[in-house]
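Welcome, and please open your viewer with a cartoon view and side chains ready to switch on. We will go from one selection to the next and look at what is there.

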Amino acid sequence: MMNKISNYYWMYSKHSIESAILNPHRKVLNFLIEEKFLKYYKDFFFKQKIKKKIKIEVVSKFNIKKKIGNLAKYQGLALKVEKLQIKQNTIVEKDIKKEKLILIIDQLNDPNNLGALFRIAYAYAIKNILILDRFMPEENGYIASVASGALDKINIIKVPNLVNMIRLLKKNNWWVVGLESKKFENCINLYEQNFYLQKKALVIGSESKGIRNLVRRNCDILCRIPIINDDLDSINVVQAASIALYEFNRKK
């Protein structure tokens, strides 16, 4: 018999915990802390005018470690939360109507990369991320920790069919730019082009296969980040996304 995936998990990173507490859409079940942090969080709740009824429970390090596991980075805290109610694509048009730049993730396997992408996206003022509703890691404490609070500051929208969504975006005057690692002839050098486009959607693919063929064929533009040492096939997906988002923001 298969185990049912829990809809709850324990956060253990200070930044992710505080962002979750501040997020009005995040349901919090329990907050465990060591006694030395009690005054700080009482002040935090008061200064931030937290309206959620969250019971702070002072416990030992042993009890917190028991909840978060020995491999989690220990910071003296543990917050049990309900997973975010990820939006579905039926309201995409409303969410992104006023945006100029969004991120589309075409499959991703590594929770570390996913969390890092959320952090990078928030750093570059991305408010909405479209993700495929399958072949993606489940939200958990590790992803929340790597995202360093960004998980609760961006809209994550599940899309059952990326190609259909890309076509919809294009009909609504979005330029869809695929970030490609392969050396295709029609790939544009990211640094040499002027992307003075009103509305841009950046598509990134999985760590191993990149953007899928059908998704690639529906992009308006394919661009590649040139690297100096050509014997290296490509750079990490998070590094590539960070460079591309920087370029897009620089050339507004």
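The stops below take in a helix, its partner, a few loops and some buried side chains.

Keep in mind throughout that this is a predicted model.

**Stop 1: helix H9**

Start by selecting residues 237-250, which form helix H9. Put a distance between the C-alpha atoms at its two ends: they are 20 Å apart, and this agrees with the 20 Å that 14 residues should span at 1.5 Å a residue. Now add Asn236, which caps the N-terminal end of H9. One of the side-chain oxygens of Asn236 sits 2.7 Å from the backbone nitrogen of Val238.

Next, colour the buried residues of H9: Val237, Val238, Ala240, Ala241, Ser242, Ala244, Leu245, Glu247 and Phe248. What do the buried residues of H9 pack against? Show strand E6 (101-106), helix H5 (111-123), strand E9 (175-179) and strand E11 (200-205), and you have the partners.

**Stop 2: where H5 meets H9**

Keep H9 on screen and bring up H5. The two helices pack with their axes 9 Å apart, at an angle of about 15°. Because this angle is under 35 degrees, H5 counts as roughly parallel to H9. The crossing of the pair is right-handed. For the side chains at this meeting, select Asn113, Ala116, Leu117, Ile120 and Ala121 on H5, together with Val237, Val238, Ala241, Ser242 and Leu245 on H9.

**Stop 3: Glu139**

Move to the loop between strand E7 (128-132) and helix H6 (141-147), and select Glu139 there. Is Glu139 buried or exposed? Its relative accessible area is 13%, so it counts as buried, the cut-off being under 20%. Which polar contact joins the side chain of Glu139 to another side chain? Show Arg26: the two side chains are linked by a polar contact of 2.7 Å. The Glu139 side chain also reaches the backbone nitrogen of Leu84, at 3.0 Å. To fill in the surroundings, display Tyr9, Arg26, Lys83, Leu84 and Leu151, which are in contact with Glu139 once its neighbours within four places in sequence are left aside.

**Stop 4: two positive phi values**

Most residues other than glycine have a negative phi. With that in mind, select Lys49, in the loop between helix H2 (38-47) and strand E3 (56-58). Lys49 is not a glycine, yet its phi is positive, at about 55°. With a relative accessibility of 68%, Lys49 counts as exposed. Then go to Ser148, in the loop between H6 and strand E8 (155-159). Ser148 also has a positive phi, near 55°, and is a residue other than glycine.

**Stop 5: Phe45**

Go back to helix H2 and pick Phe45. This residue is buried, with a relative accessible area of 13%. Show Ile21, Phe31, Ile50, Ile54 and Ile56 as well: Phe45 touches them, not counting residues up to four places away in sequence. Now draw a C-alpha to C-alpha distance from Phe45 to Leu22; the two are 23 residues apart in sequence and 9.3 Å apart in space.

**Stop 6: Ala72**

For the last selection, take Ala72, in the loop between helix H3 (61-68) and strand E4 (77-82). At 12% relative accessibility, Ala72 counts as buried. Which residues does Ala72 touch, not counting those up to four places away in sequence? They are Tyr12 and Lys65. Tyr12 lies 60 residues from Ala72 along the chain, but their C-alpha atoms are separated by 7.3 Å.

Note on methods
Residues numbered from 1 in each chain as written. Predicted model: local features only at pLDDT ≥ 70, side-chain atom pairs only at ≥ 80, totals over all residues. Heavy atoms only, no water. Helix = DSSP H or I, 4+ residues; strand = E, 2+ residues; numbered from the N terminus. Buried < 20%, exposed > 50% of the residue type's maximum accessible area, 1.4 Å probe, protein only. Polar contact = N/O pair within 3.5 Å; in protein donor to acceptor, adjacent residues only side chain to side chain. Contact = heavy atoms within 4.5 Å. Expected span 1.5 Å × (residues − 1). Axes fitted to C-alpha atoms, helices over the stretch in contact; angles between N-to-C directions. Parallel < 35°, antiparallel > 145°, perpendicular 65-115°, else oblique. Left-handed = near helix turned anticlockwise from the far one by under 90°.
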